[in-house]
Amino acid sequence: MSPFSSHMDAALDEARAAAARGEVPVGAVVADPSGRIVARAGNRTRELCDPSAHAEVLAIRAACSAAGSERLPGHALYVTLEPCPACAAIIAAARIGRLYYGADDPKSGGVAHGPRIFTHPQAHHVPEVYDGIRAAESERLLRDFFAARR
């Protein structure tokens with residue numbers, strides 16, 4: 001299996017773990033320039049009573065801590081859902097090199113939808129963006145999670 005597939009597999013595992021905790025099933029992993037996963041997280045907004053505890057933010061915080069830097073040039077972020085505007089801004093601020101995400105988020109996304117943060121003239125940094133990676137699995141996790149709560 002290629003490192004690319006295995007990294008989205010890890011993000012999906014984090015999303016499943018988030019769902020098991022009662023959190024919206026979004027997972028993220030950060031890989032260093034060599035391709036090694038250095039951080040992983042799932043949503044924890046409810047558990048931590050923190051609206052910023054999105055999977056991407058938690059994974060980036062952990063990767064920055066491990067790197068001893070607020071910037072992660074050359075790193076890749078794999079996330080199961082299109083990042084929201086706040087997460088997209090943090091991705092730019094962290095100087096993430098590549099963003100791979102699964103499901104689109106037409107309602108709350110900030111990359112391909114909504115404010116499209118990376119196209120804004122004030123974006124600090126624009127990562128390479130690859131969307132639709134394992135989108136069907138990511139969408140299914142979200143759909144099943146919300147269907148069980150209705």
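In this predicted model, Arg134 is found in the loop between strand 5 and helix 5. Arg134 has a positive phi of about 55° although it is not a glycine. Most residues other than glycine have a negative phi, and most peptide bonds are trans. Arg134 is partly exposed, with a relative accessible area of 27%.

A second residue of this kind is Cys49, which is not a glycine and has a positive phi of about 50°. Cys49 belongs to the loop between helix 2 (45-48) and helix 3. With a relative accessibility of 71%, Cys49 counts as exposed, because the cut-off for that class is over 50%.

## The sheet

How many strands does the open sheet have, and in what order do they stand? The open sheet has 5 strands in the order 2-1-3-4-5, and the pairing is mixed. Strand 2 and strand 5 (128-130) are the edge strands, each of which pairs on one side only. From one strand to the next, the twist averages 15°.

Strands of a sheet pair through backbone hydrogen bonds, either parallel or antiparallel. The following table lists three pairings of this sheet.

| Strands | Sense | Bridges |
|---|---|---|
| Strand 1 (residues 27-31) and strand 2 (residues 37-42) | antiparallel | 5 bridges |
| Strand 1 and strand 3 (residues 76-81) | antiparallel | 4 bridges |
| Strand 3 and strand 4 | parallel | 5 bridges |

Individual residues show how these pairings are made. Ala28 has Ala41 of strand 2 as its bridge partner. The hairpin of strand 1 and strand 2 has 5 residues between the strands, and in this hairpin Gly35 takes a positive phi near 95°.

Strand 1 also pairs with strand 3. Here the bridge partner of Val30 is Leu77 in strand 3, and Ala31 stands opposite Ala76 in strand 3. Strand 3 in turn pairs with strand 4. In that pairing, Tyr78 has Tyr100 of strand 4 as its bridge partner, while Val79 stands opposite Tyr101 in strand 4.

Are the residues of strand 3 buried or exposed? In strand 3, 6 of the 6 residues are buried, so the strand is largely enclosed by the rest of the structure. In strand 4, 5 of the 6 residues are buried, so strand 4 is also largely enclosed by the rest of the structure. Helix 5 (residues 135-148) lies across strand 3 and strand 4 (98-103), and runs at about 55° to strand 4.

## A buried residue in strand 2

Ala41 is found in strand 2, which is an edge strand of the sheet. Ala41 is nevertheless buried, with a relative accessible area of 8%. Which residues does Ala41 contact, leaving aside its neighbours within four places in sequence? The contacts of Ala41 are Glu14, Val26, Gly27, Ala28, Ala55, Leu58 and Ala59. One of these, Ala28, is also paired with Ala41 by a bridge. Ala41 and Gly97 are 56 residues apart in sequence, and their C-alpha atoms are 19 Å apart in space.

## The packing of helix 3 and helix 4

Two packed helices are described by the angle between their axes and the distance between the axes. Helix 3 (residues 55-67) and helix 4 (residues 85-93) pack at an angle of about 20°, and their axes are 9 Å apart. That angle makes helix 3 roughly parallel to helix 4, because angles under 35 degrees count as roughly parallel. The crossing of the two helices is left-handed.

Which residues make the contact? Helix 3 contributes Glu56, Val57 and Ile60, and helix 4 contributes Cys87, Ile90 and Ile91. By class, this contact has 5 nonpolar residues, no polar residues and 1 charged residue.

Helix 4 also holds Ala92. Ala92 is buried, with a relative accessible area of 3%. Not counting residues up to four places away in sequence, Ala92 touches Phe118, His124 and His125. The C-alpha atoms of Ala92 and Asp105 are separated by 19 Å, and these two residues are 13 residues apart along the chain.

Methods:
Residues are numbered from 1 along each chain as its sequence is written. This is a predicted model: local features need pLDDT of at least 70, side-chain atom pairs count only at pLDDT 80 or more; totals for chains, interfaces and linings use all residues. Side-chain values use heavy atoms; hydrogens and water are left out. Two strands pair if DSSP finds at least two bridges between them. Axes are lines fitted to C-alpha atoms, for helices over the stretch in contact, and angles run from 0 to 180 degrees between N-to-C directions. Angles under 35 degrees count as roughly parallel, over 145 as roughly antiparallel, 65 to 115 as roughly perpendicular and the rest as oblique. A crossing is left-handed if the near helix is turned anticlockwise from the far one by less than a right angle, and right-handed if clockwise. Contact means heavy atoms within 4.5 Å. Ala, Val, Leu, Ile, Met, Phe, Trp, Tyr, Cys and Pro count as nonpolar, Asp, Glu, Lys and Arg as charged, and the others, Gly among them, as polar. Buried means under 20% relative accessible area, exposed over 50%, partly exposed in between (1.4 Å probe, protein chains only).
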